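Have a look at the chain below, and then let's go through it together. The questions ask what lies behind each label.

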Amino acid sequence: MYTELKEDHAEQSRVVKRYYDGDHLSVQPIGPSPAILHVDMLKKVTPLWYDLSVKLKADRDADRAFGWVLEMWGYSIACAQLGYKHKVTREFQIEPGAGGRLSGEQIIYHYTYGIEYTMKGRPQGPNQIG
């Protein structure tokens with residue numbers, strides 16, 4: 001998961017500690033997986049998630065540490081601040097572009113990467129344009 005925080009991610013850990021007063025390692029790895037929650041919980045987390053995402057984007061260290069998954073971190077931190085706990089099921093979805101392996105147990109195929117082939121049908125890297 002993109003928001004999984006480990007001790008060896010020092011830069012990310014420093015940022016999370018600035019925005020979350022609890023144990024920074026307890027911030028759940030809930031992005032980019034689909035999250036299922038009650039609408040009342042969504043109404044509570046949405047303003048905090050938005051505010052955190054904007055603050056994180058304005059924070060150069062956070063923007064550098066989290067990159068394009070910054071708003072996922074905003075959601076993860078907002079949920080931690082509210083005490084929301086998600087049941088994290090790693091087999092719920094597969095994201096092959098991020099190194100996931102298809103086992104047949106996944107329910108959702110999460111495809112997030114852009115064009116992988118040129119218009120001529122040749123493979124290309126994720127940052128190349130053919």
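**Reasoning from values to labels**

Q: What kind of model is this, and what does the chain contain?
A: This is a predicted model. The secondary structure of its chain comes to 4 helices and 2 strands, and from the N terminus on the elements run α-α-α-α-β-β. Of the 130 residues, 34% count as buried.

Q: Why is the pair Glu 11 and Arg 64 called a salt bridge?
A: The label asks for a side-chain nitrogen of Lys or Arg within 4 Å of a carboxyl oxygen of Asp or Glu. In this pair the closest N and O atoms are 3.1 Å apart, so the salt bridge definition is met. In general terms, side chains of opposite charge can pair when their charged atoms come close.

Q: How do you know that this pair links distant parts of the chain?
A: Glu 11 sits in helix H1 (residues 10-19) and Arg 64 in helix H3 (residues 60-66), 53 residues apart.

Q: Why is Arg 64 called exposed, while Glu 11 is called partly exposed?
A: Exposed means over 50% relative accessible area, and partly exposed lies between that and the 20% limit for buried. Arg 64 has 54%, so it is exposed. Glu 11 has 31%, and therefore counts as partly exposed.

Q: What makes Arg 64 and Asp 61 a salt bridge, and how are they placed in helix H3?
A: The closest N and O atoms of Arg 64 and Asp 61 are 2.6 Å apart, and the limit is 4 Å, so this pair qualifies. Because the two are 3 residues apart in H3, about one helical turn separates them. Asp 61 has a relative accessible area of 33%, which means that it is partly exposed.

Q: Which residues are linked in a network of salt bridges?
A: The network links Glu 11, Asp 61 and Arg 64. Arg 64 pairs with Glu 11 and also with Asp 61.

Q: How many salt bridges does a search of the whole structure find, and what makes Asp 63 and Lys 57 one of them?
A: The search finds 4. The side chains of Asp 63 and Lys 57 meet at 2.9 Å, N to O, and the cut-off is 4 Å, so they count. Asp 63 is partly exposed, with a relative accessible area of 25%.

Q: Why is Ala 65 called buried?
A: The label needs a relative accessible area under 20%. Ala 65 has 14%, so it is buried. This residue is found in helix H3, and beyond residues up to four places away in sequence it touches Glu 11, Gln 12 and Val 15. The C-alpha atoms of Ala 65 and Ala 10 are separated by 9.3 Å, though the two are 55 residues apart along the chain.

Q: What makes Gly 67 partly exposed?
A: Its relative accessibility is 30%, so it falls between the limits of 20% and 50%. Gly 67 is in the loop between H3 and H4. From Gly 67 to Lys 57 the C-alpha distance is 8.9 Å, and the two are 10 residues apart in sequence.

Q: Why is H1 called oblique to H4?
A: H1 and helix H4 (residues 70-82) pack at about 45 degrees, with their axes 11 Å apart. That angle is not under 35 degrees, as roughly parallel would need, and is outside 65 to 115, the range for roughly perpendicular, so H1 is oblique to H4. The contact is made by Gln 12, Val 16 and Tyr 19 of H1 and Trp 73, Ile 77 and Gln 81 of H4. By class, these residues divide into 4 nonpolar, 2 polar and no charged.

Q: How do you know which label fits the angle between H2 and H4?
A: Helix H2 (residues 39-58) and H4 pack at about 130 degrees, with their axes 8 Å apart. Roughly perpendicular ends at 115 and roughly antiparallel means over 145, so the two helices are oblique to each other. H2 passes H4 in a right-handed crossing. Among the H2 residues in this contact are Leu 48, Trp 49 and Leu 52, and H4 residues there include Trp 73, Ile 77 and Ala 78. The contact of H2 with H4 has 12 nonpolar, 3 polar and 3 charged residues.

Key
Residues are numbered from 1 along each chain as its sequence is written. This is a predicted model: local features need pLDDT of at least 70, side-chain atom pairs count only at pLDDT 80 or more; totals for chains, interfaces and linings use all residues. Side-chain values use heavy atoms; hydrogens and water are left out. Buried means under 20% relative accessible area, exposed over 50%, partly exposed in between (1.4 Å probe, protein chains only). Axes are lines fitted to C-alpha atoms, for helices over the stretch in contact, and angles run from 0 to 180 degrees between N-to-C directions. Contact means heavy atoms within 4.5 Å. Ala, Val, Leu, Ile, Met, Phe, Trp, Tyr, Cys and Pro count as nonpolar, Asp, Glu, Lys and Arg as charged, and the others, Gly among them, as polar. A crossing is left-handed if the near helix is turned anticlockwise from the far one by less than a right angle, and right-handed if clockwise.
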